[in-house]
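Open the model in your viewer and follow the stops below in order. Each stop says what to select and what is there.

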Amino acid sequence: MSHFTTIKTQIKDIEALRSACNELGLALLQSAEARGYYQNKIKGDYVVQLKGPYDIALNKQPDGSFGLTADLWQNHVENEVGQNYGKLLQFYGVHKAMREARKKGHLVRRAQRQDGSIKLTIATI
């Protein structure tokens with residue numbers, strides 16, 4: 001019996017995702033299998049290799065974005081990347097915004113707030 005669940009996201013920039021994974025201390029593998037409950041595995045175009053027993057598979061959707069698929073049983077994934085992938089998606093958004101701003105020649109300053117949120121200040125040169 002499969003425990004894998006897929007959510008649709010707006011992840012389209014794999015390099016921004018790779019930067020987010022690096023910041024979280026996680027590897028992003030290309031064309032790999034994600035681990036799930038017992039010996040269940042699912043193929044992914046990309047796989048975020050977590051430190052615990054489960055991983056996150058990313059597969060390209062018809063609209064060009066990537067869906068996130070993971071076995072969410074016993075909160076193994078949630079413990080590493082936050083509820084509903086929140087921490088991973090937050091870091092992805094930060095790195096995507098920083099990459100786009102820098103491509104346009106802007107300066108980017110990043111500050112971590114006490115509540116865990118991240119503030120980006122983007123300025124023209």
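The model is predicted, and it holds seven salt bridges. Several of them come up later in the tour.

**Stop 1: the sheet**

Show the cartoon and select the strands of the sheet. Five strands make up an open sheet, in the order β1-β5-β4-β3-β2, with antiparallel pairing. At the edges are β1 (4-11) and β2 (27-35), each of which pairs on one side only. From one strand to the next, the twist averages 40°.

Now restrict the selection to residues 56-60 and 66-71, which are strands β4 and β5; five bridges pair them in the antiparallel sense. Within this pair, Ala 57 is found opposite Thr 69 in β5.

**Stop 2: two helices on the sheet**

Add residues 14-23, helix α1, which lies across β1, β2, β3 (41-49), β4 and β5. Its direction is at about 80° to β2. Then add residues 86-103: this is helix α3, which packs on the sheet and touches β1, β4 and β5. The direction of α3 makes about 20° with that of β1.

**Stop 3: around helix α1**

Which residues of α1 are buried? Select Ile 14, Ala 16, Leu 17, Ala 20 and Cys 21 to see them. These residues are on the same side of α1, because the arc they cover around the axis is only 155°. The elements that cover them include β1, β2, β3, β4, β5 and α3.

Next, go to the two ends of the helix. At the start of α1, zoom in on Asp 13, where a side-chain oxygen comes to within 3.0 Å of the backbone nitrogen of Glu 15. After α1 comes Gly 25, with a positive phi near 75°.

**Stop 4: Glu 23 and Arg 110**

Show the side chains of Glu 23 and Arg 110, which form a salt bridge with an N to O distance of 2.5 Å. Glu 23 belongs to helix α1 and Arg 110 to strand β6 (residues 107-112), so this pair ties together parts of the chain that are 87 residues apart in sequence. Glu 23 is partly exposed, at 36% relative accessibility. Arg 110 is also partly exposed, with a relative accessible area of 29%.

**Stop 5: Asp 55 and Arg 35**

Move to Asp 55 and Arg 35, a salt bridge in which the closest N and O atoms are 2.7 Å apart. Asp 55 is in the loop between β3 and β4 and Arg 35 is in strand β2; the two are 20 residues apart, and the pair links distant parts of the chain.

Is Asp 55 buried or exposed? Its relative accessible area is 2%, so Asp 55 counts as buried, which means under 20%. Arg 35, by contrast, is partly exposed at 28%.

**Stop 6: the charged network at α3**

Select Lys 103 and Glu 100, whose side chains meet in a salt bridge at 3.3 Å, N to O. Both residues are in helix α3, three residues apart, or about one turn of the helix. Lys 103 is exposed, with a relative accessible area of 59%, while Glu 100 is partly exposed at 28%. Extend the selection to Asp 13, Lys 96 and Arg 99: together with Glu 100 and Lys 103, they form one network through salt bridges that share partners.

**Stop 7: Ser 65**

Ser 65 is in the loop between β4 and β5. It is buried, with a relative accessible area of 0%. Which backbone oxygen does the side chain of Ser 65 reach? The answer is that of Thr 9, at 3.3 Å. Beyond its neighbours within four places in sequence, Ser 65 has contacts that include Lys 8, Thr 9, Gln 10, Ile 11 and Lys 12, as well as Asn 59 and Lys 60.

**Stop 8: Thr 69**

Finish at Thr 69 in strand β5, the residue that stands opposite Ala 57. With 5% relative accessibility, Thr 69 is buried. Show Thr 6 as well: a polar contact of 2.6 Å joins the side chains of the two threonines, Thr 69 and Thr 6. Leaving aside neighbours within four places in sequence, the residues in contact with Thr 69 include Phe 4, Thr 5, Ile 42, Ile 56 and Tyr 85. Among the contacts of Thr 69 is also Asp 55, the residue that forms a salt bridge with Arg 35.

Notes:
Residues are numbered from 1 along each chain as its sequence is written. This is a predicted model: local features need pLDDT of at least 70, side-chain atom pairs count only at pLDDT 80 or more; totals for chains, interfaces and linings use all residues. Side-chain values use heavy atoms; hydrogens and water are left out. Two strands pair if DSSP finds at least two bridges between them. Helices (H or I, at least four residues) and strands (E, at least two) are DSSP runs, numbered from the N terminus. Axes are lines fitted to C-alpha atoms, for helices over the stretch in contact, and angles run from 0 to 180 degrees between N-to-C directions. Contact means heavy atoms within 4.5 Å. A salt bridge is a side-chain nitrogen of Lys or Arg within 4 Å of a carboxyl oxygen of Asp or Glu. Buried means under 20% relative accessible area, exposed over 50%, partly exposed in between (1.4 Å probe, protein chains only). The arc is that of the directions from the helix axis to the C-beta atoms. A polar contact is a pair of N or O atoms within 3.5 Å; within protein, one must be able to donate a hydrogen and the other to accept it, and residues adjacent in sequence count only if both atoms are side-chain atoms.
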